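Student: Hi, could we go through this structure together? I'd like to begin with a turn and then work outwards.
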Amino acid sequence: MNGPLKRAALACLLMFGLLMLNVNYLQAVRADDLRADSRNVRNFYDRYEVERGRITAGDKVLAESVDTGSNDFRFQRRYPEGKVYAPITGFFAPESERDMEQAKNSLLNGTSADLLIRRSIDLFTAKKTKGANVDLTINPKAQEAAYKALGASGKKGALVAIEPKTGAILAMVSIPSYDPNPLSKANKGEVNKAYSKLADDKDQPLLNRAIERTYPPGSTFKVVTMAAYLESDETLGPQSQVDAPQRLDLPNTTADLPNYGGAACGSGRVTLSFALERSCNTPFGKIAIDLGYDALNDQAFKFGIGGDPLAVPMPVAASAFWSKEDSEEDKAALAQASIGQRSNQMTPLQMAMIAAGIANNGVVMKPYLVNKIADSEGGEIESADPEELTTAISEDTARKLQEMMVNVVNNGTANAAQIPGVTVAGKTGTAETAEGRDPHAWFISFAPAEDPKIALALMVESGSAGDDASGGHTAAPIAKSVMEAVLGR
């Protein structure tokens with residue numbers, strides 16, 4: 001072979017080598033980046049080619065794919081219930097998804113390994129691939145009652161209701177909400193414009209306040225402090241006496257801890273039940289100081305606070321009783337944290353778990369939203385398997401707390417939650433926030449107390465005029481309507 005031919009052959013061999021290297025680089029190294037590139041129109045059309053599975057709550061369809069008849073994109077997501085369920089369903093947009101649409105995306109779009117057999121059968125029978133259907137634990141009557149009642153308050157807030165014996169989430173509402181339908185269109189420009197408007201809204205409608213943000217729980221946290229005290233001595237009970245000064249002198253500081261408005265709590269020594277009914281601050285501050293940090297922190301941990309991260313399946317923001325580094329020898333701060341203030345921060349879901357644990361004789365069940373998942377032909381892929389998260393308190397302590405929380409509704413700050421013919425247990429709370437803002441109103445509850453079917457937590461941002469009773473005035477009636485919906489009242 002002469003020189004020119006050799007050089008030409010080597011040049012061709014080199015070019016083929018470079019071509020093979022480039023092909024392998026694109027397929028093995030840059031594949032994920034190219035697939036995710038917003039300029040990749042194939043991905044855009046592929047997202048709308050598959051009929052995603054439905055998201056349902058019993059017989060109610062919360063999300064479904066409808067055939068557009070378009071040659072460019074086949075299916076578009078539709079949310080019949082819009083704002084009512086948006087914090088749960090999330091949305092499916094041209095380039096993203098969130099909440100349940102994201103958490104169960106591979107099942108909804110049919111790519112999950114769990115659907116391999118279904119896809120194989122569809123391939124053999126020449127059927128188009130469809131996504132799996134996701135059925136939720138949500139009780140539509142409870143969800144809609146909560147959305148209506150909380151929305152009517154004109155305030156921002158959140159409510160979570162749980163079935164105490166299983167951990168199934170019966171309602172999860174966040175106000176304000178948003179309509180996911182404009183975010184599901186196949187027009188990127190329109191979707192981006194709609195999303196930007198929501199993202200820039202100062203009221204944060206895209207935020208799921210039930211699980212994505214923590215708040216000071218105020219006096220609802222007193223049930224945890226009471227639980228720690230009862231667990232410390234099995235001889236204690238609702239009628240045991242406790243000191244209740246008008247103002248509690250806090251160690252190592254010139255400040256003291258008053259009851260609301262500086263009022264007296266009984267005669268200065270009251271029963272535990274009375275202290276919870278009237279939500280006096282000073283008895284709980286003294287209890288916390290006497291018990292010490294470790295006892296209260298351990299009790300909080302047993303209710304799920306500060307444990308492993310939760311997902312329902314959407315991730316849940318971490319609740320925290322009080323940071324360890326701030327706790328050393330700081331009894332004044334401990335007293336404040338024991339009544340739900342200081343750096344005490346809880347999600348509404350966490351407070352619902354606490355109420356549910358007390359209702360369920362001390363056992364806290366792991367909360368979950370997915371009831372079952374089935375393929376497009378109805379074949380079951382998975383179903384809920386209730387799981388115990390922790391045993392927070394003994395059955396004896398739970399019974400004592402149940403009795404005292406019933407007294408709160410019957411004789412104390414939460415009489416607005418009373419339901420004729422139903423024994424309701426509850427605890428109100430008012431949480432001080434930033435200066436110049438009204439306190440948050442809280443209410444936790446369960447019913448019927450003797451055989452609980454529902455436990456819930458409700459938080460209304462800036463919903464109090466400044467006392468624990470206002471938690472009962474603002475939040476308890478909303479909670480009542482949700483409990484009535486579940487109990488068929």
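Student: Which residue takes a positive phi in the hairpin of β5 and β6?
Tutor: That's Gly-167, with a phi near 90°. The hairpin has six residues between its two strands. Keep in mind that this is a predicted model.

Student: Okay, and how many bridges join β5 to β6?
Tutor: Six, and the two strands run antiparallel. β6 covers residues 169–175. For one pair to look at, Ile-162 has Ile-169 in β6 as its bridge partner.

Student: Which strand does β5 pair with over six bridges, besides β6?
Tutor: β17, residues 454–460, also in the antiparallel sense. There you can find Ala-161 of β5 bridged to Leu-456 in β17.

Student: Is β5 mostly covered or mostly open?
Tutor: Mostly covered: the strand spans residues 157–162, and six of its six residues are buried.

Student: Which residues sit on each side of it, then?
Tutor: Gly-157, Leu-159 and Ala-161 are on one side, with Ala-158, Val-160 and Ile-162 on the other. Both faces of β5 are covered.

Student: Switching to the whole chain: how many helices and strands are there?
Tutor: There are 18 helices and 17 strands.

Student: And how much of the chain is buried?
Tutor: Buried residues make up 51% of the 489 in the protein chain. The chain exposes about 21,900 Å², and carbon and sulfur atoms supply 50% of that area.

Student: Last one: what share of contacts links residues 24 or more positions apart?
Tutor: It's 70%, counting contacts with a separation of 6 or more.

Terms used. Residues are numbered from 1 along each chain as its sequence is written. This is a predicted model: local features need pLDDT of at least 70, side-chain atom pairs count only at pLDDT 80 or more; totals for chains, interfaces and linings use all residues. Side-chain values use heavy atoms; hydrogens and water are left out. Helices (H or I, at least four residues) and strands (E, at least two) are DSSP runs, numbered from the N terminus. Buried means under 20% relative accessible area, exposed over 50%, partly exposed in between (1.4 Å probe, protein chains only). Contact means heavy atoms within 4.5 Å. Accessible areas come from the Shrake-Rupley method with a 1.4 Å probe; for residues, only the protein chains shown count as cover. Two strands pair if DSSP finds at least two bridges between them.
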